[in-house]
Amino acid sequence: MMKHQCINIPTILRRGGCLFLLLLLVQIGYAQENEGPITNDTTTIQDSTKKTLTKKILTPKTLTKKERRAKRRVEKRLERARRRAADSTWKPLRFAGIRLGSDILPTAFALLDENRTSYQGTLEVLLNNKYSIELSGGVEETIRRGSGEYRYTSSGNYGRIGINYNLLHKKTEDDVIYVGLHFGYAQFDHDITYTILNQLGDVTQQLAEKQLTGSWLEFNFGFRIELFKNLYMGPMFRIKAKLTGSEGELLTPSDIPGYGSNNGANFNFGYHLMYRLPFGKTKGSKRKRRVRAKRSKTGKGVPRNVEKLKKDDK
C-alpha cells in the first residue's frame, strides 16, 4: 500500500529565498570586479541623463620664489587700490598751477648795505594744492672789509630745487602753511686785496681763485596768505647744513652765495612775494564758499525753476 508524502511548502520557500540571495550576492561581486577598484583621485557623479562625469581633484601647485614675489606685489597693489577707493580725500597727482615770485628780504637788505648785492627769483609748480616743486636761483656778492686796505670779495650764482608739503591742502586753496626739503648748489669766485705798508712805499697785492663750488641741504618752513586775488605774501625760515665745498688752494672761502657764512650750519629768514598765474585753480576756494553761503542765507542765486515749483505746490 503506497504511502502519501507530505509536501512542506514553507520549507521550500525558505530554501528558494536563500538560493536567490546567494545568486544575487554572486552577481554583485562580479559587477564590482568588472568596475575595478575605487580610488580617491576621481569622483563619480551620476546625473539625470544617466551620464557619468569624472571630476579630477587637482593638487595645489608649489610656487617658485619669483612667482611668490610677483603674487605679493599684486596683492600690495590691490590693497593700495582698496585703500584709495575707501579714502574719499585721495586724488591722483595733477598739475594745479604755477606761482612766480621772489624772496624780497635779501634784496631789501642789499639796497641798504653797499657791501652786499643780492637778486633772487622763485618758480613754484603746484601739484593738487598738496605738494609743490620749488625752483629758485639768484646772484649774490658779499664784500668784507678789514683794517687798512683789507677787502675780501665773494661773488657768484646759486640754485635750489626741492619739494614742499602744504599742511592746509584739505581746508583751503587760498592760504598755505608748508614744510619742505631743498638741495642747494653754488658756483662762485673769491679774491682778497690787501696793502702792505712800507717806508719805501705801500704795496697792494691780490689773491684770487675762480670756479669754486659748494652744496648744502636746507629745511624750510613758512606760510603765505592771499592778500589780493592770486597775490601771496608771507615769511619763511631756512635751516641750512653744508654738504660739500671747495677749500681753495690759496684762500678758504668766507662766504658762499645762497648759503651764507662758511662757518657751519646757517639759519636764514626771508619774506616771499608770489603771484599765482590765473589758471589751474580749482573751484571751491574760500572766497567762493563765502559768496555761496551769503547767497543761501539771502535767498539769492536760487534757480527760477525751484521758485516756480514752490508756487505750484502752494
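**Exercise 1. Which residue of strand 6 stands opposite Leu135?**

The model is predicted: local features need pLDDT of at least 70, side-chain atom pairs count only at pLDDT 80 or more, and totals for chains, interfaces and linings use all residues. Residues are numbered from 1 along each chain as its sequence is written, and side-chain values use heavy atoms, with hydrogens and water left out.

Step 1. Find the strands. Strands are DSSP runs of E with at least two residues, and helices are runs of H or I with at least four, numbered from the N terminus. Strand 5 covers residues 131-145 and strand 6 covers residues 151-166.

Step 2. Check the pairing. Two strands pair if DSSP finds at least two bridges between them. Strands 5 and 6 run antiparallel and share 15 bridges.

Step 3. Read across. Leu135 stands opposite Ile161. Gly138 faces Tyr158 of strand 6 in the same way.

**Exercise 2. Place these strands in the sheet and find what packs on it.**

Step 1. Follow the order 3-4-5-6-7-8-9-12: 8 strands form a closed barrel with antiparallel pairing. Neighbouring strands are turned by 25° against each other on average, direction ignored. Axes are lines fitted to C-alpha atoms, for helices over the stretch in contact, and angles run from 0 to 180 degrees between N-to-C directions.

Step 2. Add helix 3 (residues 104-112). Helix 3 packs on the sheet and touches strands 3, 4 and 12; contact means heavy atoms within 4.5 Å. The helix direction makes about 170° with that of strand 4.

Step 3. Move to strands 4 and 5. They pair antiparallel over 12 bridges. Val125 stands opposite Ile133 of strand 5. Their hairpin has 3 residues between the strands, and Asn128 takes a positive phi near 65°.

**Exercise 3. How many salt bridges are there, and what does the one of Glu124 with Arg99 tie together?**

Step 1. Apply the rule: a side-chain nitrogen of Lys or Arg within 4 Å of a carboxyl oxygen of Asp or Glu. The count is 9 salt bridges.

Step 2. Take Glu124 and Arg99. Their closest N and O atoms are 3.3 Å apart.

Step 3. Locate both. Glu124 lies in strand 4 and Arg99 in strand 3, so the pair ties together parts 25 residues apart in sequence.

**Exercise 4. How do the lining residues of the second largest pocket divide by type?**

Step 1. Count the lining: 22 residues, with Pro106, Arg116, Glu140, Lys240 and Asn268 nearest the centre. A pocket is an open set of points on a 1 Å grid over the protein atoms alone, where a 1.4 Å probe fits, with protein on both sides within 12 Å along at least five of seven lines; lining residues have an atom within 4 Å of a point.

Step 2. Sort them. The lining has 7 nonpolar, 7 polar and 8 charged residues. Ala, Val, Leu, Ile, Met, Phe, Trp, Tyr, Cys and Pro count as nonpolar, Asp, Glu, Lys and Arg as charged, and the others, Gly among them, as polar.
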